[in-house]
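Trainee: Could you show me how to read empty spaces, strand pairing and ring contacts in a model?

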Amino acid sequence: MEIFFGQLVNADTIKFDAQESLHIVKVMRHKENDHIYAMDGSGVLFECILLTANSNNASAHILSSTPGWGTHNYDLTLAVCPTKNNERFEWLGEKATEIGLDTLAPIIGEKSERKVYKIDRMKRIVLSAAKQSLKAKIPTIEEPQSAIDFIKKAPSDALKLIAHCFEEEKISIKEALEKSPSDKIIILIGPEGDFSTREVDEALKNGFIPVHMGNSRLRTETAGLYAVFSVYNKYM
């Protein structure tokens, strides 16, 4: 099954940009009146008939729609400090999308080696990962912000978790999930040099719960994927 990404023109029609149109017509060899599946990133799967097999501007007529296709019954925001090696952070975005992620929030910590992060490439990566893993909802990629700003703005109705390396009492992500009635979850993952004392103190003051990920010290991208899978495993 192949899913194509487009934009709704109206309730009956979806159109595709030049890149997706080229893929539909030239790569997948679809012709007019072929049945195809499409999504607009909102979580709805559309069964369609291809109206125009134009490699620059294809469009399709919507036959039926299935809301919530390939989605999950929780809302997960992963707030992570981008790694110095950008490929590792992109790997995290791709794999987290395949498992089940709603929002990826790049945050800049006081000890972050990467102080600037552009989100355009990550948007393309999570779109491709959503299509590949048969998900009709594309994760939101937020604009980068400081860890302190993110912590202060985190909603009070969410289960808020922070993974850091300081010596203090922590619980597992599994235990935190089991104790909370909320299905809205935020998990903070720090940079290679960990969060600063000020960032951890601010998180605790704003209701974040310290969590551990076992006995091993994990890389940022490994910790992020561990967190995503822990949530997925609890709900799915």
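Mentor: We will take spaces, then strands, then rings, keeping in mind that this is a predicted model.

Trainee: How should I think about empty space, and what volume does the largest pocket have?

Mentor: Rolling a probe the size of a water molecule over the atoms shows where empty space is left. Here the largest pocket has a volume of about 480 Å³, and its lining is made up of 22 residues, with H164, C165, S216, R217 and L218 lying nearest the centre. Strand 14 (209-212) and helix 7 each supply at least two residues of that lining, and helix 7 gives the largest share, three residues. By class, the lining of the largest pocket holds eight nonpolar, seven polar and seven charged residues.

Trainee: Which residues lie nearest the centre of the second largest pocket?

Mentor: They are F5, D17, Q19, E20 and L127, out of 14 residues that line the second largest pocket, whose volume is about 300 Å³. Two or more lining residues come from each of helix 1 (18-27) and helix 3 (120-132), and the largest share, five residues, belongs to helix 3. This lining divides into four nonpolar, five polar and five charged residues.

Trainee: How many cavities of 30 Å³ or more are found in the whole structure?

Mentor: The search finds one, and the largest cavity has a volume of about 40 Å³. Its lining consists of G70, T71, H72, L101, K135 and K137, which divide into one nonpolar, three polar and two charged residues.

Trainee: Turning to strands, in which sense, parallel or antiparallel, do strand 4 and strand 5 pair?

Mentor: Strand 4 and strand 5 (residues 44-52) are antiparallel and are paired over five bridges, with A38 having F46 in strand 5 as its bridge partner. Four residues lie between the strands of this hairpin, in which G41 takes a positive phi near 90°. On the other hand, strand 1 (residues 3-5) runs parallel to strand 4 (residues 35-39), joined by three bridges, and I3 stands opposite Y37 in strand 4.

Trainee: For the rings, what angle lies between the planes of Y74 and Y235?

Mentor: The count of aromatic pairs comes to three. In one of them, Y74 and Y235 lie 5.2 Å apart centre to centre with 40° between the planes, a tilted arrangement. The pair links distant parts of the chain, 161 residues apart, with Y74 in the loop between strand 6 (59-67) and strand 7 (75-80) and Y235 in helix 7 (residues 220-235). Both Y74 and Y235 are buried, and K234 lies over the face of Y235, at 4.5 Å from the ring centre.

Terms used
Residues numbered from 1 in each chain as written. Predicted model: local features only at pLDDT ≥ 70, side-chain atom pairs only at ≥ 80, totals over all residues. Heavy atoms only, no water. Phe/Tyr/Trp six-rings, centres within 6.5 Å; stacked < 30°, edge-to-face > 60°. Buried < 20%, exposed > 50% of the residue type's maximum accessible area, 1.4 Å probe, protein only. Lys NZ or Arg CZ within 6 Å of the ring centre and 35° of its normal. 1 Å grid on protein atoms, 1.4 Å probe; cavity = no way out; pocket = protein on both sides within 12 Å on 5 of 7 lines; lining within 4 Å. Points joined across faces, edges and corners; volume = space filled by probe spheres on them. Nonpolar A, V, L, I, M, F, W, Y, C, P; charged D, E, K, R; others polar. Pairing = 2+ DSSP bridges.
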